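Thank you all for coming. I would like to walk you through one model this morning, so please take a moment to look at it before I start.

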Amino acid sequence: MKVNIGVSAEHTKQIALELNKVLADELIVYAKTRNAHWNIEGSNFMEMHKFYEEQYEELEEYGDEVAEYIRSLGHYAEGRLADVLKLTNLLESEYSNDQKKQLQGLLDDHETIIRNLRRLIDEFDEKYKDKGASDFVTGMLQKHLKLAWMIRSYLK
């Protein structure tokens with residue numbers, strides 16, 4: 001069914017493409033956080049195990065929000081693993097049980113996501129004339145800023 005929301009079909013197509021890249025990043029950072037949760041070792045195992053669990057549970061919700069927003073634009077959310085790996089801005093990392101290495105890798109990922117979201121805020125508003133999509137991305141930015149801050153706090 002055609003979507004008539006006051007944004008041109010071409011613009012919603014481009015916004016959906018960019019949001020599918022965001023979705024891919026959300027799914028990759030989710031998987032990497034889950035992997036850290038499974039593989040952490042050390043004297044603070046339980047604390048970190050719970051910390052990672054809280055983070056990946058939030059990330060799971062974020063991915064769902066992005067996918068649903070894409071659908072609200074009338075486009076498919078591209079969640080197949082082959083699509084995710086083509087669209088993501090993030091890289092897979094080697095397995096590690098080293099807390100500092102895990103945290104730094106996840107922080108780097110969140111900061112990559114944050115930089116991309118900052119770019120999209122203006123692009124969605126100015127180039128594609130969609131303040132709603134810009135506002136949505138602003139909300140995602142705020143969520144990732146919080147997760148990055150929490151991770152960064154463990155690295156001090």
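How far apart do the end C-alpha atoms of residues 100-127 lie, and what percentage of that span is helix or strand? The two end atoms lie 40 Å apart, and the span is 100% helix and 0% strand, where helices (DSSP H or I, at least four residues) and strands (DSSP E, at least two residues) are runs numbered from the N terminus. For these residues UniProt lists "coiled-coil region", in an unreviewed entry; UniProt positions are given here in the numbering used for the model, feature names are shortened, and annotations may be inferred rather than shown by experiment.

Before going further, I should say that this is a predicted model, in which local features need a pLDDT of at least 70 and side-chain atom pairs count only at pLDDT 80 or more, while totals for chains, interfaces and linings use all residues. Residues are numbered from 1 along each chain as its sequence is written, and side-chain values use heavy atoms, with hydrogens and water left out.

Let me turn to the overall picture. The protein has five helices and zero strands, so that is what you see when you follow the pattern α-α-α-α-α along the sequence. A compact globule of 156 residues would have a radius of gyration near 15 Å, and the 16 Å of this protein agrees with that; the radius is taken over C-alpha atoms, and the globule rule is 2.2 Å times the number of residues to the power 0.38. Along the principal axes, the C-alpha atoms fill a box of roughly 55 × 30 × 20 Å. Of the 156 residues, 43% count as buried, which is to say under 20% relative accessible area, with exposed meaning over 50% and partly exposed in between (1.4 Å probe, protein chains only). The unreviewed UniProt entry also places "domain: Ferritin/DPS" at residues 18-156, and over that stretch the chain is 80% helix and 0% strand.

What about the interior? The largest nonpolar core, meaning a set of buried Ala, Val, Leu, Ile, Met, Phe, Trp, Tyr and Cys residues joined through side-chain atoms within 4.5 Å, has 44 residues, and those with the most contacts inside it are I15, L19, Y52, V66, F124 and V137. The elements that give two or more residues to this core are α1, α2, α3, α4 and α5. Taking V137 as an example, and not counting residues up to four places away in sequence, we find that V137 touches L19, L117, L120, I121 and F124, a contact being heavy atoms within 4.5 Å.

V137 is one of the buried residues of α5, and others among them are F136, M140, L141 and H144. What covers the buried residues of that helix includes α1, α2 and α4. Helix α5 covers residues 131-155 and reaches 36 Å from its first C-alpha to its last, close to the 36 Å expected, the expected span being 1.5 Å times one less than the number of residues. At the N-terminal end of α5, D130 acts as a cap, with a side-chain oxygen 3.0 Å from the backbone nitrogen of G132.

Helix α4 has a similar story to tell at its own start. D98 caps its N-terminal end, a side-chain oxygen lying 3.2 Å from the backbone nitrogen of K100. The 29 residues of α4 should span 42 Å, and the end C-alpha atoms are 41 Å apart, which agrees. After α4 comes K129, whose phi is positive, near 55°. Most residues other than glycine have a negative phi. K129 sits in the loop between α4 and α5 and is exposed, with a relative accessible area of 58%.

Finally, consider N20 in helix α1: is this residue buried or exposed? N20 is buried, with a relative accessible area of 2%, and, leaving aside neighbours within four places in sequence, N20 is in contact with I70, Y76, A77, E78 and L87. L87, in helix α3, is likewise buried, at 14%, and its contacts include L17, N20 and K21. L17 also lies in α1, yet L17 is partly exposed, with a relative accessible area of 34%.

Terms used:
A polar contact is a pair of N or O atoms within 3.5 Å; within protein, one must be able to donate a hydrogen and the other to accept it, and residues adjacent in sequence count only if both atoms are side-chain atoms.
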